[in-house]
Amino acid sequence: MADRKSEKKHEGNLPKEDDLPKLVRNIVASYHRDQITHRIGETFLPSRGKIVEIMDELRQLLFPGYFGHKVLGQHNIQFHVGNLADHLVRALSEQIFHCLCYSSDSEHHACRNQARQIALEFLARVPQLRKALKLDVEAACDGDPAAKSFAEIIYCYPGYYAITVYRIAHELLELGVPMMPRIMTEHAHSLTGTDIHPGASIGKRFFIDHATGVVIGETTIIGNNVKIYQGVTLGAHSFTKDERGRIIKGLKRHPTLEDNVTIYANATILGGETVIGNDSTVGGNVFLNMSVEPYTYVSLDDPTLNVKLRRKKTGRKKKQ
Amino acid sequence: MADRKSEKKHEGNLPKEDDLPKLVRNIVASYHRDQITHRIGETFLPSRGKIVEIMDELRQLLFPGYFGHKVLGQHNIQFHVGNLADHLVRALSEQIFHCLCYSSDSEHHACRNQARQIALEFLARVPQLRKALKLDVEAACDGDPAAKSFAEIIYCYPGYYAITVYRIAHELLELGVPMMPRIMTEHAHSLTGTDIHPGASIGKRFFIDHATGVVIGETTIIGNNVKIYQGVTLGAHSFTKDERGRIIKGLKRHPTLEDNVTIYANATILGGETVIGNDSTVGGNVFLNMSVEPYTYVSLDDPTLNVKLRRKKTGRKKKQ
Amino acid sequence: MADRKSEKKHEGNLPKEDDLPKLVRNIVASYHRDQITHRIGETFLPSRGKIVEIMDELRQLLFPGYFGHKVLGQHNIQFHVGNLADHLVRALSEQIFHCLCYSSDSEHHACRNQARQIALEFLARVPQLRKALKLDVEAACDGDPAAKSFAEIIYCYPGYYAITVYRIAHELLELGVPMMPRIMTEHAHSLTGTDIHPGASIGKRFFIDHATGVVIGETTIIGNNVKIYQGVTLGAHSFTKDERGRIIKGLKRHPTLEDNVTIYANATILGGETVIGNDSTVGGNVFLNMSVEPYTYVSLDDPTLNVKLRRKKTGRKKKQ
């Protein structure tokens with residue numbers, strides 16, 4: 001502790017130029033004091049930068065001509081896709097390998113083979129993914145009066161981007177890849193404000209409008225034709241703790257939305273046993289921690305009664 | 001369908017290295033099965049990357065010395081702006097050209113001329129834009145006790161950035177440019193969490209504090225001296241459908257805020273016929289789908305009655 | 001004003017190619033009409049790009065092996081850190097110098113010395129910062145059932161990133177650096193949707209889950225073991241104005257949360273005199289502008305009564 005005397009604020013006693021070696025020794029010493037916050041001596045860690053590159057290339061594969069290389073025709077599409085797929089298998093394998101090694105004690109050789117196979121299997125699922133994503137574009141177009149074209153949705157809509165990344169990440173999670181799915185959805189979260197946990201289960205024709213502030217928890221189940229607006233939380237209610245007061249992991253903690261459900265802006269729906277029955281609608285700003293029957297409208301109890309209107313003194317001086 | 005047998009999960013039957021050509025054929029085949037999710041054989045699409053570069057250069061033009069090239073004085077300002085404007089006219093024309101061609105069947109030559117004229121007309125409006133943006137800085141400084149200087153607002157405030165991009169995008173929309181305005185505001189949305197549709201109509205001295213989670217819909221009308229906080233939605237209430245059950249596009253679906261209105265955090269205001277009268281204030285977390293008179297305070301009906309206080313058992317073991 | 005005749009929309013009178021010099025003159029003239037929106041003739045302004053680079057390097061110093069250079073072991077850690085620290089002192093000094101010169105009339109030489117000393121003092125505080133950040137990782141792991149490992153939190157969690165940047169920015173603010181702290185937290189705000197003002201005071205073991213839409217105001221005080229969910233605002237209630245109607249700056253405007261408080265999603269808590277007593281919990285969507293005693297549960301008053309359930313006509317035609 002002797003070296004730490006300069007750590008606290010002593011305005012008159014700021015460190016000098018030639019204190020640098022001492023400052024460095026103190027920082028290195030702080031690494032030895034705990035094992036959580038560094039990875040010195042560790043070999044494997046997936047690269048977020050590389051994983052973001054992979055996602056960008058996957059979008060080129062999923063929506064050719066929209067993203068990346070743009071002058072595509074029947075004469076060159078096979079070459080373009082072959083080249084892209086070949087590169088993706090290698091890049092994906094490498095990152096999956098790191099994710100597998102990082103999380104397990106398996107031998108490296110086994111991880112490497114497994115990674116390669118998962119990458120190939122993922123590519124085999126691309127046509128399926130494209131089908132799901134096509135249905136999502138159509139749902140967005142049907143659900144948003146402001147949508148001008150399919151291209152605008154694919155090209156501009158943040159909710160559509162978040163769903164695309166979720167569908168990719170969810171496949172990888174199903175294929176047994178640790179870490180990478182979460183890195184992907186957190187990247188989309190950062191760009192769109194929509195946080196969909198890769199573990200959530202989401203049906204066909206899903207649409208999120210405006211996207212900002214949406215949270216969809218790990219054990220959420222969502223049916224087909226569901227539409228969600230900005231600020232909606234599908235979250236956990238409270239956490240079951242074990243006898244030592246530690247939160248028990250792995251339980252269903254998030255709601256279920258059945259087919260044809262719409263949730264309007266800023267509604268909060270909580271709890272693993274909460275089921276919103278099919279064809280129901282939940283209004284804006286509603287807080288719900290119980291199930292509702294199919295074909296139910298849930299709204300704030302007469303919003304006009306819920307607020308108070310008070311007349312300001314008029315004649316106050318206006319700024320301008 | 002024969003080739004798709006490997007698509008579903010068969011853990012024991014993962015694809016091998018030399019399956020790659022088959023996987024590629026399957027992916028290419030999936031492009032032929034629908035026309036929405038690719039642009040193979042199409043020529044024109046605006047570039048988001050280029051449009052983002054244009055926005056960055058426009059900020060240099062709007063706020064010289066703040067962004068981009070920094071050592072500016074009277075001796076070089078004319079050269080700097082001339083050079084920047086010349087480049088911007090070319091870059092803007094090129095992207096507007098793609099947006100026009102992409103969206104219409106006009107001849108390419110006509111689109112190219114029109115694009116060039118629009119780019120020049122946009123530059124002619126820059127002094128006007130700067131006036132509006134100056135008033136917005138002043139409104140931010142007056143409205144936020146945490147603001148330390150004009151520079152801090154221009155340089156750091158996400159709400160100010162979102163408004164800047166909106167004002168640029170709105171001009172371009174008025175000049176008849178498709179697609180590009182939305183690409184611009186969605187870029188700002190991604191960086192700030194504020195989603196202002198370029199079609200919204202917004203008056204002078206507009207201020208958005210904290211910015212995250214704000215949604216301002218396409219047909220919103222906002223007067224002068226309006227202040228909005230984080231999480232506010234000015235949204236659509238419900239959608240009018242035609243006899244075939246399809247949403248009718250183009251109606252006024254979003255609220256009107258008259259002059260001197262303030263909307264506090266996380267309030268949701270919905271509906272095309274909802275008018276918040278001038279000099280009114282809407283409190284935090286209020287949900288409103290009806291009009292209010294000028295000079296009205298709207299708040300949650302006694303928030304202290306709206307919540308329940310329950311005493312926890314004390315003496316529970318604390319963690320630390 | 002003579003030159004501005006082309007500014008307003010005259011579809012038939014769009015500017016031509018050779019109008020460019022005139023357009024440029026008009027833009028330059030608009031710079032002379034106000035002093036707020038340009039910095040022509042000014043020398044000092046911090047660089048946001050450089051400050052973002054500094055933050056990235058600081059993360060490498062705080063979490064070695066996680067970010068940046070990855071193959072670290074006992075044999076090279078001292079060299080790596082020495083090199084990084086040396087570069088950081090220089091880069092930090094340079095940017096702090098610009099921030100100090102920009103904001104004061106001190107002589108440049110004095111600013112340069114002061115900047116260097118602050119940079120060194122900041123490095124001296126790194127071990128302390130690492131301790132605080134380790135406690136924050138542990139709090140995240142204890143508080144989130146979906147957390148798979150410490151690494152996942154450090155590597156992926158946006159709330160953890162926002163807290164890391166806040167703790168860096170807060171130290172720099174305490175050391176008297178203007179502008180830079182806010183640039184840092186606004187960068188984190190942009191990436192995470194969490195807006196923590198660098199002036200806020202936050203205790204140990206702080207956790208923000210999901211992060212999007214959180215606002216923590218400048219004069220907020222937060223104790224130890226506090227947990228906050230997405231969409232929570234700790235904000236200002238209303239602003240005290242002086243006799244000229246201008247907002248008075250510098251007062252405590254934001255709430256105090258004592259130890260062991262949890263605030264669930266989308267709750268809004270306002271006011272400088274609002275104190276949430278220790279070991280209290282505030283439920284989702286609650287709006288609160290008054291203090292509560294220690295050991296209190298605050299929830300919406302029976303949410304089942306607060307909403308209205310209405311049965312839709314069934315048998316309506318479903319889309320699919």
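# Briefing on a predicted model with chains A, B and C

Of the 13 residues of helix H8 of chain C, 11 are buried, so this helix is largely enclosed by the rest of the structure. The model is a predicted one, and the points below take up helix H8 of chain C, the relation between the chains, the contact of chain B with chain A, and some details of sheet and loop.

**Helix H8 of chain C**

- The buried residues of H8(C) run from the charged to the nonpolar, and they include C:Met180, C:Pro181, C:Arg182, C:Ile183 and C:Glu186; C:His189, C:Leu191 and C:Thr192 are also among them.
- The helix covers residues 180-192, and because 13 residues at 1.5 Å a residue should span 18 Å, the separation of 18 Å between its end C-alpha atoms agrees with what is expected.
- Following H8(C) comes C:Gly193, a residue whose phi is positive, near 75°.

**How the chains are related**

- A turn of 120°, with a shift of 0.0 Å along the axis, lays chain C on chain A with an RMSD of 0.0 Å, and the two copies are thus related as by a three-fold rotation axis.
- The residue of chain C that comes closest to this rotation axis is C:Gly213, whose C-alpha lies at 3.4 Å.
- Chain C and chain A use different surfaces, since 8% of the contact residues of chain C recur in chain A.
- Chain B is likewise superposed on chain A by a rotation of 120° with 0.0 Å of shift along its axis, at an RMSD of 0.0 Å; in chain B the C-alpha nearest the axis belongs to B:Gly213, 3.5 Å from it.
- For chain B, too, the copies use different surfaces, with 8% of its contact residues recurring in chain A.

**The contact between chain B and chain A**

- Chain B gives 62 residues to this contact and chain A gives 63 residues.
- On the side of chain B that touches chain A, at least two residues each are supplied by helix H1 (20-32), helix H8 (180-192), strand S7 (233-235), strand S10 (268-270), strand S13 (287-288) and strand S14 (296-300) of chain B, and the largest share, 8 residues, comes from H1(B).
- By residue class, that side of chain B divides into 26 nonpolar, 21 polar and 15 charged residues.
- In S14(B), one of the strands that supply this side, 4 of the 5 residues are buried, so the strand is largely enclosed by the rest of the structure.

**Strand pairing**

- S14(B) runs parallel to strand S12 (residues 281-282) of chain B, to which 2 bridges join it, and B:Val282 has B:Val298 in S14(B) as its bridge partner.
- In chain C, 4 strands form an open sheet with parallel pairing, in the order S2-S5-S8-S11; strand S2 (201-202) and strand S11 (275-276) of chain C stand at the edges with a single partner strand each, so that one side of each is left without a neighbour in the sheet.
- S2(C) pairs with strand S5 (residues 221-222) of chain C in the parallel sense over 2 bridges, and the bridge partner of C:Ile202 in S5(C) is C:Ile222.

**A loop residue of chain B**

- B:Gly65 lies in the loop between helix H2 (48-62) and helix H3 (77-103) of chain B, and this glycine is buried, with 23 other C-beta atoms within 10 Å.
- Although B:Gly65 and B:Glu42 are 23 residues apart along the chain, a distance of 41 Å separates their C-alpha atoms.

Methods. Residues are numbered from 1 along each chain as its sequence is written. Chains are lettered from A and ligands numbered from 1 in the order in which they are written. This is a predicted model: local features need pLDDT of at least 70, side-chain atom pairs count only at pLDDT 80 or more; totals for chains, interfaces and linings use all residues. Copies are superposed by least squares on the C-alpha atoms of residues with pLDDT of at least 70 in both. Two residues are in contact if their C-beta atoms, placed from the backbone, lie within 7 Å. Two strands pair if DSSP finds at least two bridges between them. A residue is buried if 20 or more other C-beta atoms lie within 10 Å of its own, exposed if 12 or fewer, and partly exposed in between; C-beta atoms are placed from the backbone. The expected span of a helix is 1.5 Å times one less than its number of residues.
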